[in-house]
Each structure stands twice: as C-alpha cells, then as structure tokens.
Amino acid sequence: MPEGEVVGLVGESGCGKTTAARALTGVVPANARIAGGRVTFGGRDLLAFGAKDWDGVRWRQIAFIPQSAMNSLDPVYRVGTQIREVLRHRGGLGRGESDRRVDELFSMVGIAPERQQDYPHQFSGGMRQRAAIALALALNPRLVIADEPVTALDVIVQRQVLDTFRDLQVRLGLSAILVTHDISVVAYACDRVVVMYAGKVVEAGPVRAVLEAPSHPYTMGLYNAFPDLGRASGTLVPIEGNPPDLRDPPKGCRFAPRCPFAVAKCREAQPPTVTVAPGHTAACWRLDEAPQLRQLAREEQTWLRSSTSAA
Amino acid sequence: MASLLDVRGLTKHFPVSRTLREVARGERPVVRAVEDVTFAMDQGESVGILGESGCGKTTTGRLLLKLVEASEGTITLDGYDVRALKGPDLKRFRRHAQLVFQNPFDALNPRFTLRRSIAEPLLNAGVPKGEWDDRIAAVLKRVHLSGVSDLMEKFPHQLSGGQLQRVVLARALILEPTFIVADEPVSMLDVSVRAGILNVMREVRETMGLTAIYISHDLALVRYVAPRTIVMYLGKIVEDGPTDAVISRPLHPYARALVAAVPVPRVDQDRGALPITGMIPDARNPPSGCRFRDRCPYAVARCAEEVPALRELAPGHRAACHLL
C-alpha cells in the first residue's frame, strides 16, 4: 500500500476482508491465529511484534475504526471528553494542548467544535461516524483502517463522510484502507482496490484499471450485479450460487463453482497471482483471455445458468 | 380506471416521552412521522417510496397495512376502508395485503422449520390442511426454490441470506395477496445475490398481477423494480413521478440532492459539492412552511410561511415546491 493513498478492500460478507484488516492491527479473535505471511509497515515486520511493540503502533501509527464505530461512543460521557481521554492518557498531552487538539480534530472532520459538549445521542449517525474518525485521527496515525465506514449511513451523509476522508487524504497526506462491500464507495473515494473472494485476493490494482478492465471473472460479475444509475438499461445480473464453505474450500480456484468461465484446470489447482499490468495483479487461469471474457461477461446470458438453481 | 389504493391526508404522530416542563404545561409532544400524505395507485402498479432514514417511508408502509394506526386521513384499498377494518373483515384484508420484511435473518422463527414458517399464514387463514402441500410447492416454484432438496425441513440458520429472503417472500405470497409492501427487501443481502431476489420479485409481480410498494433508501434499486417513485422528506411527499423522470429530471431541490448523492460504480463521476446543507431536522419540531427550507440552497421567505402543495408539474409528475 503506497503512502498517501486510499485503498479499498472490497468483497462480500464472509470473504475475509474484516479479518484481514484486523490482522493488520494484530487484533484477531481468541480462536484465530495468524498462520502465515508477512506484514511490513514502514520497514518493520508487524507479525513479529510483542504486546509492548504493539503499544507504540496501535492508534499512534495504525488506527482502526471498527464497523459499528458510530455506536461505540460511551453514551454517558460528552463526545469531547472521550476524545480528550485518548489524547491525555494515550497521547500524553497536557490539558491545554488536548483541548486545542480536540477543537482541531472536530473542525478537521467537519463538526462544529462547540458540539464537543454534546452527548453521543445528540449527534446524528453521520456526526457520530465523523466523531469516530476524529477519535482515530487523534494521535496523528500514518495509516487509518476503516471497516465499512459508510455502510449504515444514508446516501447524502455517506457522501459527506467519504468527502471527509478524501479531504484528509489531500490535506494531511493520510493513508487509509476502506473495507467495504460497495464498489461505488471504492469508485468514489479510492485510488487502489483489492478485491477479495472466499478468503483470497482475486484481483488488485488501480481503481480505474480494475473497474474498467477487470481481469478476474469475479470482479466482472460483481460489477454487473451492481446497480448504476448512469447505465442505460436497468438490468442487474446476479452471480448464481453462494460463496464456498470455508471449512472445506474448493481444491482449485475458490470462485470456480460460480464462475461461468471455469474449465477443468480451475477446479484442480489454485491459480497463481500474476501481474497483468504495472501495479495490477489477478489470480485466474484464463488471464490471457481476459479481453474476450470481459466481452462475454457483459452479456446477461453468460451468467444465467439453470434458472431453478437458487442463489 | 379506479385506483386500487387511494391514500388521502394520511398522517401519523407518535407520542414521545415528556419532559417535566411539558407535563407541567400539559403539552403532548409528538414526532410527526408522516404528515398529510396523499397518493393513489392503480391495480398492478408498482411504486417505490424513496427517502432517508426518518423520512417516514417505513411508517407509511405499515400504515397502509394497518400494522400501525393512522392519526388522520383515509386509506382505501381494493374497496376496504383500511382504518375502519375489524374482526373478520380485517382478517380477510390480511390475506390480501402482505408485508415482506427487511431483514431475512430475523424475520423467521429460528426454531421453526421452513415448512412451518411458510405454512403459518395458511394456518392463520384457515386453509384446509389437504391443500397445504400443493400451495407450498406452487409458491416455492414462484420464488425459484423448488430445486433445492429437503429445504423445507431445514431451519433458518442452515440457509444463505438469498435463500432466506426467498423464503420470506414465499411466506408473504402463499395466501396469494393482491397487494404487497416490501420494506428494504434486499438491503441486508450481498450485492451478488441482490440482483437474483429483485429479479424474482419482478417476475412474481408480473405473473401474479400484484400491486406493490417497495420501500427503499436506494434509488438504483427502486429504479430496478418500480416505474414510479415517491420521494419523501421528513414525513411528507416532496416528489412523485415516473422513476426515469425523477432520475433524469428531478424537480424538487431535495430530490435533486438525493439523486446527485446516489453512489455510482464509476471512476469518472461528479465529485462536486451536493446542493444541500446541514442535516435532517428534528421531527418533533419540523421547520415551518416547507420542511426542507433550512437545507435548501434556493429557499426564499415564502418557504418559511406557507406549506407548499404537491402540484402536478408535468403529466404524472408532482412536486411540492413554491419555486417550481
């Protein structure tokens, strides 16, 4: 992930996007372990970190905004007090400094600084989400990871929150990972996108390249299934079937059981991740035929299988 | 042609808890959830009700089905005076008018097999048991679930969201209603399965000749299932017209902002500021006159003084704004 960019981590529920994002902060459920791989942040291997090392990184360098962050503010404390607590105890700021910083954080995310005297219930959903962003930004992190930051919000508010992210990126050079199921959030606010399916990354690259010339059939299908007001006809084409059971994932490509282009090889071996253009990778056995597959993927007929099969 | 559904002056105020001062003064504050909503629908028509959270769209849907009692106004559905229904008439009405729930993950009793959930309405309506199997088989076919073996003996947790929503739909359709209200029918589902559910709903509506109301916050989805859209803001209808016209030529300033805010999955798009400021005001004390005026970039003095009427500005396209 390049510094100063906004990266979208996109996929459907159960694809592992939240687990992957949480693992970046070293926070995984008690029954999970990080079984392999490497995470390097600013040249340091995060997975080798002990509890003490993490203390210096979490919130100070990498801040995580969980999915229901807007509901995670404590209802009995004023919003400003909750941010001040982080600044004083975690950031070691003095009283005067932390007051100034709270004012600054509030205006940064577009809330009038007077509102820090309010309790969370006096805030609208969009304001609470912005307060959660302010909380994450409190200690000037280099990277913010936000899990579904706009999912529960109405479209107008959603737009305002995404504009806050874009604005912070421009003004502070903030790097952010937005975890989302919504391609239009990625299209609006991200520079790069990583597409996950059933626990694996199937495609990654610059947003324009991935959305306009997808190389993986899952990305192609996801795009078709997505409503677009600007598209002339109103047809939405579902991807038939369901994601695989990850207790027993398919031997080959995990998308093969739902892929209209799957061939025998796809069911037998996992496709390697291949660079298709600078900064653009995909994992599919039929990447060489991607232009033809894109053509076919635009036709509704391609995605229709026996109409009795249940999605 | 006579309308199937005729709604006039529909209003719903919910009482809210009072402060000591309000008790002392004898005031009874209310949330004005739905205010003076008037529209009609023809047999077989399908209409989307669009709006943000708190705009009254869900309450409107529930009022139409008599799941919530109206404060004022009239609702006539297929000749029934909905507000006056009781006893056997209400029971008959319930067979004709059904709700499709928003969240399939908690719309089904987790301890019932799917057969029992789907058959529950048959039991309530007193359909003879001998007919159940045929009715269930027919409705499963309609929602494209008949290919799945022993599905009916399963429990909700064994199904995917898409399958569950089909079961919820099947349950709503099993009494062969003539009118359905679907409240955010796909908002809990993943994108790749949403399209499948919407396709089924569209097909069912056409083959059964249903009159349907789709309640959603998502204009892209409304467009997919409803040729006509009603836009609500803070309890009132601000615009009502052909969906394509609402998308391409929205009249009301709020509808314009809403259409501009709809996210699109394209890299090249307008990222300019929306023609709207602030946020939705408190429904206990809505602004005087036009409820949108304090967020409207075009508001003039008259907007604070007079409630704008919903006027027909183009054939079949109404909007409530003084400036149009």
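## Exercises on a two-chain predicted model

Chain A holds an open sheet of eight strands, in the order β4-β5-β6-β1-β7-β8-β10-β9, and its pairing is mixed. Strands here are DSSP runs of E with at least two residues, helices are runs of H or I with at least four, both numbered from the N terminus, and two strands pair if DSSP finds at least two bridges between them. This is a predicted model: local features need pLDDT of at least 70, side-chain atom pairs count only at pLDDT 80 or more, and totals for chains, interfaces and linings use all residues. Residues are numbered from 1 along each chain as its sequence is written, chains are lettered from A and ligands numbered from 1 in the order in which they are written, and side-chain values use heavy atoms, with hydrogens and water left out.

**Exercise 1. Find the edges of the chain A sheet, then see what packs on it.**

- Start with the edge strands, β4 (62-65) and β9 (274-277) of chain A, each of which pairs on one side only.
- Going from one strand to the next, the twist averages 20°. Angles run from 0 to 180 degrees between N-to-C directions, with axes fitted to C-alpha atoms, for helices over the stretch in contact.
- Now zoom in on β4(A): with strand β5 (residues 143-147) of chain A, β4(A) pairs in the parallel sense over four bridges. A:Ala63 has A:Val144 in β5(A) as its bridge partner.
- Next comes helix α1 (residues 17-24) of chain A, which packs on the sheet and touches β1 (6-10), β4, β5, β6 (175-180) and β7 (192-197) of chain A; its direction makes about 150° with that of β6(A). Contact means heavy atoms within 4.5 Å.
- Finish with helix α9 (residues 217-225) of chain A, which touches β7 and β8 (200-206) of chain A, at about 100° to the direction of β7(A).

**Exercise 2. Do the same for the four-stranded sheet of chain B.**

- The open sheet runs β2-β1-β4-β5 (chain B), with antiparallel pairing. Its edge strands are β2 (30-42) and β5 (80-81) of chain B.
- Strand β1 (residues 3-15) of chain B pairs with β2(B) over nine bridges, in the antiparallel sense. There you'll find B:Phe14 opposite B:Val31 in β2(B).
- Lying across β1, β2 and β4 (72-77) of chain B is helix α2 (residues 57-64) of chain B, at about 120° to β1(B).

**Exercise 3. Work out whether B:Gly48 is buried or exposed, and list what it touches.**

- Locate B:Gly48 in strand β3 (residues 46-50) of chain B.
- B:Gly48 has 0% relative accessibility, so it counts as buried. The cut-offs are under 20% relative accessible area for buried, over 50% for exposed, and partly exposed in between (1.4 Å probe, protein chains only).
- Leaving out residues up to four places away in sequence, B:Gly48 touches B:Tyr214, B:Val222, B:Ala226, B:Arg228, B:Thr229 and B:Ile230.
- Zooming out, 55% of the 324 residues of chain B count as buried.

**Exercise 4. Describe the contact of chain A with chain B.**

- Count residues: 46 come from chain A and 47 from chain B.
- Then take the area: the two chains bury about 3,900 Å² between them, 57% of it on carbon and sulfur atoms. Buried area is the accessible area (1.4 Å probe) that two parts lose on being put together, summed over both.
- Lastly, pick the main contributors on chain A: A:Ile156, A:Arg159 and A:Leu229 supply 20% of the area that chain A buries against chain B, more than any other three residues.
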